[in-house]
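Please open the structure in your viewer and keep the selection tool at hand. The tour moves from the whole chain to single residues.

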Amino acid sequence: MNKAKNFIQNNHLENQADPSIRLRHFRGKKACQAANEPQNAGATTGFTSLDVLLKDHGWPHGSTTELLVPQASSNTLSLLLPMLAELTQKGEMVILIKPPFTPCASELAQHGIQLEQLLLVYPRDKRDCLWAIEQSLQSGGCSAVLSWQGEQAISYRELQRLQQSAEASGCLHFHFRPQSEDPRPSPATLRLQLHSKPEQLTLRLLKQVGGLSGQHLQLNLLQHSTSKRHHLALH
């Protein structure tokens, strides 16, 4: 495929309840950039009980964090909303590659996420998807990349290339994979298994390079969301 001819189609997703809320939506490939400077401290998760379990006291920079989910659900994205809000409010770009659902613009805005700092990329197939993830991680203009594997199998070597791209750039990388991938080895620095309910997220720490693993944690999403909206209202 000629990458130069695979241009991005830039469309807007309007929320019917509030036409002023728009999400930048991109189809095709985008060579976006990831932050170049690795940092020692982790990026806060927004959940104190989770931060204390993580070696870097937050999401590890320059690493792939693997999130194993039972099914495609926007609720599993709730774990990353506090981080997305913090990054986008600083004017930093975040890339979402092949999400299996359309993110709700109004809900993201309610959590303090600056929609103009989000890029959505929908590659055509597995090969294009891996290319888009690597290019996003390597090129130096975004702080975080979120990617979804879907049902297509990805080899250990392919996952290793993604991990190496994150290491080289210092970018945050979150890769959502099916729960069935749990028994298979992974080069990811951090692996979490997620089980979601409407108001609660249950986590199991499967792997943490240089830190402890095996812990279970329950997060109250409703309480955290209410607290966040109250904080935004005060500002």
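What follows is a list of stops, each with something to select and a description of what is there.

**Before starting**

This is a predicted model, in which local features need pLDDT of at least 70 and side-chain atom pairs count only at pLDDT 80 or more, while totals for chains, interfaces and linings use all residues. Residues are numbered from 1 along each chain as its sequence is written, and side-chain values use heavy atoms, with hydrogens and water left out.

**The whole chain**

Show everything as a cartoon, and the protein has six helices and ten strands, where helices (H or I, at least four residues) and strands (E, at least two) are DSSP runs numbered from the N terminus. Of its 235 residues, 50% are buried, a word that here means under 20% relative accessible area, with exposed meaning over 50% and partly exposed the range in between (1.4 Å probe, protein chains only). Among contacts (heavy atoms within 4.5 Å) between residues at least 6 apart in sequence, 69% join residues at least 24 apart.

**The sheet**

Select the strands of the open, eight-stranded sheet, which has mixed pairing and the order β5-β4-β6-β7-β3-β8-β9-β10; two strands pair if DSSP finds at least two bridges between them. At its edges are β5 (118-121) and β10, each of which pairs on one side only. Neighbouring strands are turned by 20° against each other on average, direction ignored, with axes being lines fitted to C-alpha atoms (for helices over the stretch in contact) and angles running from 0 to 180 degrees between N-to-C directions.

**Strand β6 and its neighbours**

Next select residues 144-148, which form β6, and note that five of its five residues are buried. In a regular strand the side chains alternate between the two faces of the sheet. In β6, Ala144, Leu146 and Trp148 point one way, and Val145 and Ser147 the other way.

Add β4 (residues 94-97), which runs parallel to β6 and is joined to it by four bridges; Leu96 has Leu146 as its bridge partner, and Ile97 stands opposite Ser147. Then add β7 (residues 172-178), which pairs with β6 in the parallel sense over five bridges, with His173 as the bridge partner of Val145. Between β6 and β7 the chain passes through helix α5 (residues 156-169) in a right-handed β-α-β crossover, meaning that, with the strands pointing away from the viewer, the path from the first strand over the helix to the second runs clockwise.

**Helices α4 and α5**

Select α4 (residues 126-138) together with α5: their axes come within 8 Å and cross at roughly 20°. That makes the two helices roughly parallel, because angles under 35 degrees count as such, over 145 as roughly antiparallel, 65 to 115 as roughly perpendicular and the rest as oblique. Residues making the contact include Leu130 and Ile133 of α4 and Leu162 and Ala166 of α5. Now show the strands again, and α4 lies across β4, β5, β6 and β7, running at about 170° to β4.

**Helix α2**

Move to residues 81-89, the helix α2, where seven of the nine residues are buried, among them Leu81, Met83 and Leu87. Gly91, which follows α2, has a positive phi near 85°.

**Gly211**

Finally, select Gly211, in the loop between β9 (200-208) and β10 (216-220). Is Gly211 buried or exposed? Gly211 counts as partly exposed because its relative accessibility is 32%. Select Leu54 as well: the C-alpha atoms of these two residues, 157 residues apart along the chain, are separated by 7.1 Å.
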